[in-house]
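Please open the model in your viewer and keep the sequence panel beside it, since each stop on this tour begins with a selection. The tour goes from a pair of helices to two loops, and then to the second chain and its contact with its partner.

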There are 2 protein chains.
Amino acid sequence: MNGTNLIDLLKYRQSDRAYLSNPVEKEKLERIIEAGRLAPSACNAQPWKFVIVDEPELKNRIADCTSSKILGMNHFTKQAPIHIVIIEEKANFTSNAGSLIKNKTFPLIDIGIAAEHICLQAASEGLGTCMLGWFNEPKVKKLLNIPKSKRVPLIITLGYSASETREKRRKDIKDIVSYNSY
Amino acid sequence: MNGTNLIDLLKYRQSDRAYLSNPVEKEKLERIIEAGRLAPSACNAQPWKFVIVDEPELKNRIADCTSSKILGMNHFTKQAPIHIVIIEEKANFTSNAGSLIKNKTFPLIDIGIAAEHICLQAASEGLGTCMLGWFNEPKVKKLLNIPKSKRVPLIITLGYSASETREKRRKDIKDIVSYNSY
């Protein structure tokens, strides 16, 4: 782990709202999903499924669920070649008991952690992401045949960033003194 | 960012349930909190405060709130020299609107992300952490003068790990091929 400088990576990650049409390499995508899989969760419940939507037509239909003409929101989502749809799965007995007794929805905390693992790994692969929480959830579930009873807390857009701030940010972090390793 | 290998770090991080009494260096602690501060959040609401409890007597009283003699839970928390108490703060207007309209508690997702930034930075500094979601929240709030109306979703124990699995894991990750950089 010599040379790891996580703070730089945390600063480099941004919510990318402009993408190039370049496809994402399969091996990169696999490492990104592996990063999500490695996320810790309350009582190790792993209350998630990650659905990779990369078939162009279906992906564009998911993108339509995340943008709004009226609100002028998220028109960039169609540019991203991949959408990662995160389904909230049932937690295990102890996590459910904790959520109930302590009145906290642990799976949402867990999904935040897993989603950020995905975004950080993507950043470390030179890819851009944006987490989306505002979308037409019933429509997304219908398109992907996800049972109505399940929730879809987040969708992550993934692709090579076309954002102009990327290059600036990459230069900025070079000025930061490298300090952490173990 | 040459040499970054995030996947190794994700594999190295574990929930540490045994700590040495060594104190945590102030500059390491500051970078760990900085990592939390850098976390993305819905509509950039940053709905959190991090309370660093390092005064030994108060820290031990917080530790008492996280362990249970009856359930045999979390007896290790007193060993950790630092407890980071995460308070859920009010989100901003757009995040609140999203939570309400889309029926999702965005601040919990956000706090999961921030907590994992803290744990990953700690791991990159050679420190151990454990996220705790099960504790006597009213008592914690009383000890720290946190208003009753606020929630405390997580407490993170922080310190040098005494866990035997650490050394094994450190060796294991050396066998993983280094692949990611940008």
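**A pair of helices in chain A**

In this predicted model, select helix α2 (residues 26–37) of chain A together with helix α5 (residues 106–124) of chain A, which pack at an angle of about 150 degrees with their axes 7 Å apart. Because angles over 145 degrees count as roughly antiparallel, α2(A) is described as roughly antiparallel to α5(A). The crossing of α2(A) and α5(A) is right-handed.

Now show the side chains where these helices meet: from α2(A) choose A:R31, A:I32, A:A35 and A:G36, and from α5(A) choose A:A114, A:H117, A:I118, A:L120, A:Q121 and A:A122. Sorted by character, the residues of this contact of α2(A) with α5(A) are six nonpolar, three polar and one charged.

**Two loop residues with positive phi**

Move next to the loop between α2 and β1 (48–53) of chain A and select A:Q46, which lies there. Phi of A:Q46 is near 45 degrees, a positive value in a residue that is not glycine. Most residues other than glycine have a negative phi. How exposed is A:Q46, given its C-beta neighbours inside 10 Å? There are 19 of these neighbours, so A:Q46 counts as partly exposed.

The next selection is A:N145, in the loop between α6 (137–143) and β4 (151–159) of chain A. A:N145 also is not a glycine and has a positive phi, of about 55 degrees. Inside 10 Å, A:N145 has 7 C-beta neighbours and therefore counts as exposed.

**Helix α5 of chain B**

Switch to chain B and select helix α5 (residues 106–124), whose 19 residues reach 27 Å from the first C-alpha to the last, close to the 27 Å expected at 1.5 Å a residue. This helix, α5(B), is mostly covered, with 19 of its 19 residues buried. Just after α5(B), pause at B:G126, which takes a positive phi of about 80 degrees.

**Where chain B touches chain A**

Finally, display both chains and select the residues in contact across them, 43 from chain B and 44 from chain A. On the side of chain B that touches chain A, α1 (6–12), α2 (26–37), α4 (93–102) and α5 of chain B each supply at least two residues. Which element gives the largest share of that side of chain B? It is α5(B), with 12 residues. Coloured by character, the side of chain B that touches chain A divides into 19 nonpolar, 14 polar and 10 charged residues.

Key. Residues numbered from 1 in each chain as written. Chains lettered and ligands numbered in written order. Predicted model: local features only at pLDDT ≥ 70, side-chain atom pairs only at ≥ 80, totals over all residues. Axes fitted to C-alpha atoms, helices over the stretch in contact; angles between N-to-C directions. Helix = DSSP H or I, 4+ residues; strand = E, 2+ residues; numbered from the N terminus. Parallel < 35°, antiparallel > 145°, perpendicular 65-115°, else oblique. Left-handed = near helix turned anticlockwise from the far one by under 90°. Contact = placed C-beta atoms within 7 Å. Nonpolar A, V, L, I, M, F, W, Y, C, P; charged D, E, K, R; others polar. Buried ≥ 20, exposed ≤ 12 C-beta atoms within 10 Å, placed from the backbone. Expected span 1.5 Å × (residues − 1).
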